Amino acid sequence: MDRIDRKILQILQEDCTVPVAEIGRRVGLSTTPCWRRIQKLEEDGVVQRRVAVLDPRQVNAKVTAFVAITTNQHSEDWLKRFADIVSQMPEVVEFYRMAGQVDYLLRVVVPDIEAYDVFYKKLIARIEIADVSTTFAMEQIKYTTALPLQFVATEKVVAEKA
């Protein structure tokens with residue numbers, strides 16, 4: 001990956017609908033070589049998919065809950081079952097296995113507190129959990145889907161380390 005690939009990724013993270021010709025112009029490439037680079041980034045799995053970012057208020061998903069889960073079940077079978085259950089719940093938009101006191105962290109989006117309660121009851125009815133602690137976001141101060149690209153090793157940096 002080089003500095004041009006990083007620029008392409010930055011543009012795609014900001015707006016993946018920018019035409020390839022425009023991306024090429026911004027990074028100093030003609031359309032065909034730019035398109036080849038984008039295809040390579042997709043083939044290599046750097047670009048996993050292109051999506052639309054929705055306004056939660058416009059789709060009635062305005063309440064964000066962070067759900068910290070602890071369990072006394074640490075078998076592979078339990079984890080697979082738990083992951084399958086949680087993955088099927090559309091309210092869960094992020095799901096992490098954690099280190100530390102909390103075993104799992106979910107980010108859940110729902111219309112209101114009542115909808116969260118329905119979600120909570122559905123979750124605890126489907127699998128045994130030792131403890132669930134929920135905190136609700138009062139205000140979203142920063143949100144981005146763009147990953148920081150300053151940590152990407154470029155060809156020059158990789159060559160210097162070799």
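Two strands pair if DSSP finds at least two bridges between them, and helices (H or I, at least four residues) and strands (E, at least two) are DSSP runs numbered from the N terminus. The model treated here is predicted, with local features needing pLDDT of at least 70, side-chain atom pairs counting only at pLDDT 80 or more, and totals for chains, interfaces and linings using all residues. Residues are numbered from 1 along each chain as its sequence is written, and side-chain values use heavy atoms, with hydrogens and water left out.

**Exercise 1. Work out how β2 and β3 are joined, and place them in their sheet.**

Step 1. β2 and β3 pair in the antiparallel sense, and five bridges link them; one residue of this pairing is V92, whose bridge partner in β3 is V108.

Step 2. The two strands form a hairpin with six residues between them, and in the turn G100 has a positive phi of about 110°.

Step 3. The open sheet has four strands in the order β2-β3-β1-β4, with antiparallel pairing, and its edge strands, β2 (92-97) and β4 (131-136), each pair on one side only. Neighbouring strands of this sheet are turned by 20° against each other on average, direction ignored.

Step 4. At the β4 edge, strand β1 (residues 63-70) runs antiparallel to β4 and is joined to it by six bridges, with I69 standing opposite V132 in β4.

**Exercise 2. Describe how α1 crosses α2, and which residues make the contact.**

Step 1. Axes are lines fitted to C-alpha atoms, for helices over the stretch in contact, and angles run from 0 to 180 degrees between N-to-C directions. On that basis, the axes of helix α1 (residues 3-14) and helix α2 (residues 20-27) come within 10 Å and cross at roughly 135°.

Step 2. Angles under 35 degrees count as roughly parallel, over 145 as roughly antiparallel, 65 to 115 as roughly perpendicular and the rest as oblique; α1 and α2 are therefore oblique to each other.

Step 3. The contact (heavy atoms within 4.5 Å) is made by I4, K7, I8, I11 and L12 of α1 together with I23, R26 and V27 of α2.

Step 4. Ala, Val, Leu, Ile, Met, Phe, Trp, Tyr, Cys and Pro count as nonpolar, Asp, Glu, Lys and Arg as charged, and the others, Gly among them, as polar. The contact of α1 with α2 then has six nonpolar, no polar and two charged residues.

**Exercise 3. Find how α3 is set against α1 and against α2.**

Step 1. The axes of α1 and helix α3 (residues 31-43) come within 11 Å and cross at roughly 80°, which makes α1 roughly perpendicular to α3.

Step 2. On the α1 side I4, D5, I8, L9 and L12 meet C34, R37, I38 and L41 in α3, and by class this contact of α1 with α3 has seven nonpolar, no polar and two charged residues.

Step 3. α2 and α3 pack at an angle of about 100° with their axes 8 Å apart, and they are therefore roughly perpendicular to each other.

Step 4. Here V20, A21, I23 and G24 in α2 meet T31, C34, W35 and I38 in α3, and the residues of this contact of α2 with α3 divide into six nonpolar, two polar and no charged.

**Exercise 4. Locate helix α4 relative to the strands.**

Step 1. Helix α4 (residues 76-87) lies across β1, β2 and β3 (104-110).

Step 2. With respect to β2, helix α4 runs at about 165°.
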